[in-house]
Amino acid sequence: MKKYTSAELRKTWKQFYIDRGHKDCGAVSLVSDGSTGVMFNVAGMQPLMPYLLGRKHPMGTRLCNVQGCIRTIDIDNIGDKSHSTFFEMMGSWSLGDYFKKERCQWSFELLTQVFGFDADHLAATVFAGDENAPRDEEGAKYRIESGFKPENIYYLPKEDNWWGLEYGPCGPDSEMFYVDDREPCGPDCRPGCHCGKYTEIGNDVFMQYEKHQDGHLTPLSQKNVDTGWGLDRILAFLNGLDDVYRTDLHVPAITEIERVSGLTYGADEKQTRSMRIIADHTRTAVMLIGDEKKLLPSNAGAGYVLRRLIRRAVRHARLLKLAKEDILRIAGKYIEVYAEGYPLLERNREFILTELGNEIDRFTATIENGMKEFSKRLGEAKKKGEKTLDGESAFFLYDTYGFPLELTVELAEEEGLSVDEEGFNKAMERQKKQARENQAFSAKLSAGNGVFDNLPAELTTSFVGYEKLQAEGKIIAMAAGEALADTLGEGSEGVVLTDTTPFYGTMGGQVGDRGIITTAGGASFEVREAIHVSGGRTAHIGVLRKGSLRNGDVVTLQVDEASRMATCRNHSATHLLQKALREVLGDHVEQSGSYQDMDRTRFDFSHGKALTREELARVEQAVNARIAQSNPVDTKVMSLEEAKQTGAMALFGEKYGDEVRVVTMGDSVELCGGTHVRNTSQIGDFKIVSESSVAAGIRRIEALTGDNARAYYAELERTMHEAAEMLKTTPSELTAQIRRLQEELKNTKSELESVKASQAKAALGDAASESKEIGGIKLIAKALQGVDMNGLRDLGDELKSKLGEGVVVLLSETGGKVSLMAMATDAAVAKGAHAGNLVKAIAPLVGGGGGGRPNMAQAGGKNPAGIPQAVAEVEKALAAQLGN
């Protein structure tokens with residue numbers, strides 16, 4: 001077999017297929033768009049899903065690439081020689097072009113003619129068949145014709161030889177193995193056996209079926225082939241290694257870990273496992289943060305997986321005594337290793353290391369705060385002889401200290417204990433239930449409460465609110481409190497469901513409409529909010545102001561036009577805001593939450609740091625510019641595939657139906673089911689009023705539109721006039737006047753400090769002449785009045801210079817509190833004096849505590865009455881240090 005570097009292997013793979021008519025289709029983001037039901041791209045074929053289902057690929061029917069992938073399903077296995085969370089999949093595809101014959105022939109050529117495998121040492125497996133799909137005799141036939149020995153073909157069941165994601169293209173696969181010369185471990189020894197005789201090399205998937213979300217299979221309109229070989233494992237095997245962490249992909253990082261830890265890779269299994277975890281998780285973090293989508297750690301979705309990986313790496317780094325700077329250097333090694341294949345990493349180096357460092361800092365604080373409590377509860381469990389840490393303790397660590405459950409489990413396992421995960425889940429659910437019970441009346445009657453769950457399925461609500469704000473409908477159900485009701489009387493709070501409604505129900509961050517429901521008989525029901533409940537129904541929550549309502553009544557539903565319009569302004573402005581943020585900050589900006597009502601809009605998004613004043617101004621200006629363009633707001637209903645082709649932005653991880661609404665406002669195109677203005681000019685003014693952090697890596701902007709923005713400006717103007725009057729100037733001169741006052745204040749403070757310094761010196765007197773000699777060291781210990789810590793340090797420096805060599809200890813009362821400072825010269829320290837230990841010895845006498853370095857220390861206290869005793873104690877404490 002020929003030896004390869006990782007760069008040579010990538011190049012060789014692609015060139016082999018290019019020579020056979022394939023086009024290099026390139027790699028895509030590691031972060032999935034959510035359309036396949038997974039958070040990350042877990043296989044090379046995943047981004048090609050639409051084309052495997054029949055859509056024409058612009059580059060043709062024969063494709064190849066090397067695609068980065070993320071799999072965390074076997075995260076607990078990370079630390080052995082072979083598993084990785086990030087890996088590269090070398091792939092090639094036939095999209096309705098060649099099938100099993102050519103595929104089997106080329107795989108054998110690649111193995112024997114390019115990589116130099118001995119044909120006698122190759123084996124292959126094929127699908128044995130089941131009740132849904134037949135035995136793959138054709139696959140076996142072409143394997144043998146290509147050069148595999150008949151006795152080395154094995155028929156294996158679905159769990160071994162069937163490939164597919166949660167849903168989408170799937171079919172029988174055929175795996176290839178290297179067979180070594182050792183004797184079989186037993187009569188059942190075959191590919192897949194863990195004895196080491198068979199090493200998996202690659203996999204050819206023959207995609208003949210589509211798996212639907214309900215689990216049933218249908219034949220694909222075109223037969224496809226998906227070939228995937230894991231680069232990391234093949235690289236190790238070709239180089240005669242049984243450990244992927246010894247390949248050139250990891251060696252620079254492992255060498256760095258050895259250097260900073262002083263340990264040797266492979267010498268101790270437990271330490272080596274930690275080295276692998278640090279290496280793997282750091283590499284994956286680098287790839288995700290440096291990805292084109294610039295994923296950031298967060299508390300949900302893909303961001304949470306990233307957070308968990310980084311925090312696991314940090315914990316194992318602490319076991320090896322590695323610091324934050326060490327982890328960042330390891331990350332830098334991976335940026336260098338992958339720079340050629342993934343040029344974005346080098347371009348985003350500073351961003352990657354900054355965000356990784358930020359998350360390390362956050363977790364370091366979490367660990368330090370929580371480890372004491374964990375150790376305490378673990379000790380209590382061990383003392384009682386228990387083998388399980390109770391769920392309440394695990395939840396307390398999670399709720400109070402931010403300890404993820406998986407961290408508690410891992411830490412407990414290292415101490416030989418398990419964790420009551422069921423008890424943890426019960427505690428979590430109890431807290432959620434309590435939160436639900438503490439919510440307002442409207443939330444109690446939401447879909448989660450189930451009051452309408454058992455209504456007949458045909459009782460649904462038709463929403464007509466995109467087109468009109470008034471409609472006629474019939475009452476199909478009502479509720480009062482938490483029970484169904486046939487009637488509602490005047491003054492009653494309740495919930496009304498109708499078969500038709502123009503009321504938009506709270507969804508996607510947009511608050512539901514308010515308005516009124518009336519009957520011909522004079523009943524009037526004030527709708528405070530509309531929400532969605534089970535079964536495709538809209539619930540109108542409010543109070544019956546007049547008359548009575550009965551199930552079956554025909555009613556007129558009228559949305560409050562002013563509140564709807566104000567909410568629409570805010571919602572449409574949010575679309576423009578997201579576009580502007582991506583334009584100003586970069587494409588890593590992703591929506592992580594939003595809220596729009598008639599008063600304001602709130603938008604949460606991924607970004608690792610606070611926006612500068614200049615960035616906020618640019619974002620605001622970009623939004624207002626788009627408003628001024630007076631672009632029509634166009635809404636089209638289309639299939640999800642058609643929507644993706646328009647480039648419409650979708651919410652990460654959101655599940656969409658077969659048909660979606662695409663809302664376009666100039667260059668802003670998003671999937672959205674909410675209500676909007678008809679033209680951007682109707683938004684009016686847009687004003688950002690705050691920008692803040694809501695979670696690690698998540699920022700929040702709050703903004704106003706229309707009349708609310710104008711009211712905000714009016715209030716600012718009123719406040720400015722009021723401030724100008726107080727400072728006896730005009731609004732236009734307000735800034736200049738404030739600067740003048742600040743300068744005056746600065747000068748006054750400076751004069752005051754000079755006076756205080758003079759007073760302190762006067763109070764000190766000729767202290768140098770009052771020094772005592774203790775064990776050959778000069779000592780000045782003196783009590784002062786009204787001198788702060790800065791003043792004490794200045795006086796200490798002055799006395800030290802006068803003494804030449806010695807120790808200075810000064811105490812002062814200011815405002816009922818004590819400041820204590822000690823200094824020791826180099827010669828005094830050399831003889832045994834220690835300022836920090838002096839402070840520790842006398843600080844308790846003034847009701848305080850503190851310490852510091854040998855040459856300088858300070859403390860505070862709350863007991864001025866103890867100052868004389870403390871001064872007297874200095875001499876004894878210093879004498880003890882000097883051995884007298």
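# Notebook: salt bridges, rings, cores and strands

I opened with a charged pair: Arg62 and Asp97 form a salt bridge, with 3.1 Å between the closest N and O atoms. I then looked up where the two sit. Arg62 belongs to strand β2 (residues 62-70), while Asp97 is in the loop between β3 (86-95) and α3, so the pair links distant parts of the chain, 35 residues apart. A reminder to myself that this is a predicted model.

Buried or exposed, I wondered, or in between? Arg62 comes out partly exposed, at a relative accessible area of 23%. Asp97 is partly exposed too, with 34% relative accessibility. The cut-off for buried is under 20%, so Arg62 at 23% does not count as buried.

**More salt bridges**

I went on to Arg276 and Asp243, whose side chains meet in a salt bridge at 3.3 Å, N to O. This pair also links distant parts of the chain: Arg276 is in helix α8 (residues 269-289) and Asp243 in the loop between α6 and α7 (251-261), 33 residues apart. Here I found both Arg276 and Asp243 buried.

I noted one more pair, Arg582 with Asp587, at 3.8 Å from N to O. Then I checked for shared partners: Glu256, Arg259, Asp326 and Arg329 are joined into one network by salt bridges. How many salt bridges are there in the count? I get 48.

**Rings**

Next I turned to the aromatics, and I have 22 aromatic pairs in the structure. I picked out Phe117 and Phe237, which are stacked, with 5.9 Å centre to centre and 5 degrees between the planes. They are 120 residues apart: Phe117 lies in the loop between α3 (100-114) and β4 (122-127), and Phe237 in helix α6 (residues 231-238). Both Phe117 and Phe237 are buried.

I also followed ring pairs from one residue to the next and got a cluster of Tyr4, Trp13, Phe16, Tyr17, Phe115 and Trp229.

Which charged residues lie over rings? I wrote down Arg135, which is over the face of Tyr155 at 3.4 Å from the ring centre. I also have Lys158, with its charged end over the ring of Trp162, 5.2 Å from the centre.

**Cores**

I came back to Phe117 when I looked up the largest nonpolar core, which has 103 residues. Phe117 is among the residues with the most contacts inside that core, along with Leu9, Trp229 and Ile257. Trp229 I had already met in the ring cluster.

What does Phe117 touch, leaving aside its neighbours within four places in sequence? I list Met1, Leu111, Thr112, Leu122, Tyr178, Ile201, Phe237 and Leu238. Apart from the largest core lies another, of 28 residues, and I noted Ile777, Ala833, Leu838 and Ile842 among them.

**Strand β8 and its partners**

Why do I call strand β8 (residues 198-211) largely enclosed by the rest of the structure? Because 10 of its 14 residues are buried. On one pairing I have strand β7 (residues 168-179), which runs antiparallel to β8 and is joined to it by 10 bridges. In that pairing, Cys170 has Tyr209 of β8 as its bridge partner.

I then checked β8 against strand β9 (residues 217-230): they pair in the antiparallel sense over eight bridges. Met207 has Asn224 of β9 as its bridge partner.

**Strand β22, face by face**

In a regular strand, side chains alternate between the two faces of the sheet. I looked up the faces of strand β22 (residues 554-559). Val555, Leu557 and Val559 make up the covered face, and Val554, Thr556 and Gln558 the uncovered one.

Which strands pair with β22? One of them is strand β13 (residues 470-480), antiparallel and joined to β22 by five bridges. Strand β18 (residues 515-518) also pairs with β22 in the antiparallel sense, over four bridges. I find Gln558 in both pairings: Gln470 stands opposite Gln558, and Ile516 has Gln558 as its bridge partner.

**Whole-protein numbers**

I ended with the totals. The secondary structure comes to 25 helices and 35 strands. The C-alpha trace spans about 105 × 90 × 60 Å along its principal axes. Of the 884 residues, 48% count as buried. For contacts between residues at least 6 apart in sequence, I have 68% joining residues at least 24 apart.

Conventions:
Residues numbered from 1 in each chain as written. Predicted model: local features only at pLDDT ≥ 70, side-chain atom pairs only at ≥ 80, totals over all residues. Heavy atoms only, no water. Phe/Tyr/Trp six-rings, centres within 6.5 Å; stacked < 30°, edge-to-face > 60°. Helix = DSSP H or I, 4+ residues; strand = E, 2+ residues; numbered from the N terminus. Buried < 20%, exposed > 50% of the residue type's maximum accessible area, 1.4 Å probe, protein only. Lys NZ or Arg CZ within 6 Å of the ring centre and 35° of its normal. Core = buried A, V, L, I, M, F, W, Y, C linked by side-chain atoms within 4.5 Å. Contact = heavy atoms within 4.5 Å. Salt bridge = Lys/Arg side-chain N within 4 Å of Asp/Glu carboxyl O. Pairing = 2+ DSSP bridges.
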